[in-house]
Amino acid sequence: MKNILVLCTGNSCRSQMAHGYLHYFTGKNAKIYSAGIETHGINPDAVAIMKEDGIDISHHTSNLVEEYSDIDFDFILTVCDHANENCPYIPSKNAIRLHHNFFDPSKVMGSSEEKHAAFLKARDEIKHYFGNFINTYF
């Protein structure tokens, strides 16, 4: 079984969506972890947009990366530039480290329709990227 860590700044939105899709795509072939260099709690708009695609992340928790320091990861995936540049060293010797800076929907201000469109855009980018990740590495 592979251990996959998804990292973002606050572990509230993009990393949580990625966690949800990775869990869905890998089934029982991987253990998925998500964490941040800070914790901001789970973004309710991320929960809602994932639910629209049939994936429930409402039970996820917002965790600090230090909580997983004793796990040997096969993949460490950063989903925002800030986490990629500021994450503490993770001592997984053989981990494949990948980075992709996803659009941050939580920064969008505007009407509920504009916010929904932003979360939909981010969700679909994340779903596509991690679908390709699974096809490449699994």
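This report walks through the cores, aromatic rings, salt bridges and selected contacts of one structure. The model is predicted.

**The cores**

The largest nonpolar core has 28 residues. Ile4, Met17, Leu22, Phe130 and Phe133 touch the most other members. Several elements give two or more residues to this core: strand 1 (2–8), helix 1 (14–26), strand 2 (30–36), helix 2 (44–52), strand 3 (75–78) and helix 4. Helix 4 provides the largest share, six residues. Another core lies apart from this one. That core has eleven residues, among them Ala35, Ile71, Ile76 and Ile90.

Ile4 shows how the parts meet. Beyond four places in sequence, Ile4 touches residues including Leu22, Ala30, Ile32, Phe73, Leu77, Phe133 and Phe138.

**Aromatic rings**

The structure holds 13 aromatic pairs. One of them joins Phe102 and Tyr129. This pair is edge-to-face, with 5.3 Å from centre to centre and 85° between the planes. Phe102 sits in the loop between strand 4 (96–99) and helix 4, while Tyr129 sits in helix 4, so the pair ties together parts that are 27 residues apart in sequence. Phe102 counts as buried because its relative accessibility is 2%. Tyr129 is partly exposed, at 22%.

Both residues also belong to one aromatic cluster, made of Phe75, Phe102, Tyr129, Phe130, Phe133, Tyr137 and Phe138.

Two members of this cluster, Tyr137 and Phe138, also appear on the surface. Together with Ile96 they form a nonpolar patch there, with about 240 Å² of accessible area. Tyr137 is in helix 4 (residues 112–137). Tyr137 counts as partly exposed, at 33% relative accessibility.

**Salt bridges**

The structure holds four salt bridges. Three of them are listed here.

| Salt bridge | Closest N to O distance |
|---|---|
| Asp104 and Arg14 | 3.4 Å |
| Lys121 and Glu125 | 3.9 Å |
| Asp124 and Arg123 | 3.1 Å |

What does the bridge between Asp104 and Arg14 tie together? Asp104 lies in the loop between strand 4 and helix 4, and Arg14 lies in helix 1, so the pair links parts that are 90 residues apart in sequence. Asp104 and Arg14 are both buried.

Lys121 and Glu125 are both in helix 4. They are four residues apart, about one turn of the helix. Lys121 is partly exposed, with a relative accessible area of 42%. Glu125 is partly exposed too, at 29%.

In the bridge between Asp124 and Arg123, Asp124 is partly exposed, with a relative accessible area of 37%. Arg123 is buried, at 8%.

**Contacts across the sequence**

Phe25 is in helix 1. Phe25 is partly exposed, with a relative accessible area of 28%. Leaving aside residues up to four places away in sequence, Phe25 touches Lys127, Phe130, Gly131 and Ile134. Phe25 and Lys127 are 102 residues apart in sequence, and their C-alpha atoms are 9.6 Å apart.

Lys2 is in strand 1. Is Lys2 buried or partly exposed? Lys2 is partly exposed, with a relative accessible area of 34%. Beyond its neighbours within four places in sequence, Lys2 is in contact with Asn29, Ala30, Lys31, Asp74, Phe75 and Phe138. Lys2 and Thr26 are 24 residues apart in sequence and 9.5 Å apart in space, C-alpha to C-alpha.

Terms used:
Residues numbered from 1 in each chain as written. Predicted model: local features only at pLDDT ≥ 70, side-chain atom pairs only at ≥ 80, totals over all residues. Heavy atoms only, no water. Patch = residues over 30% accessible without salt bridge, like charges linked within 9 Å, V, L, I, M, F, W, Y side chains within 5 Å. Areas by Shrake-Rupley, 256 points an atom, 1.4 Å probe, with all protein chains shown as cover. Salt bridge = Lys/Arg side-chain N within 4 Å of Asp/Glu carboxyl O. Buried < 20%, exposed > 50% of the residue type's maximum accessible area, 1.4 Å probe, protein only. Core = buried A, V, L, I, M, F, W, Y, C linked by side-chain atoms within 4.5 Å. Contact = heavy atoms within 4.5 Å. Phe/Tyr/Trp six-rings, centres within 6.5 Å; stacked < 30°, edge-to-face > 60°.
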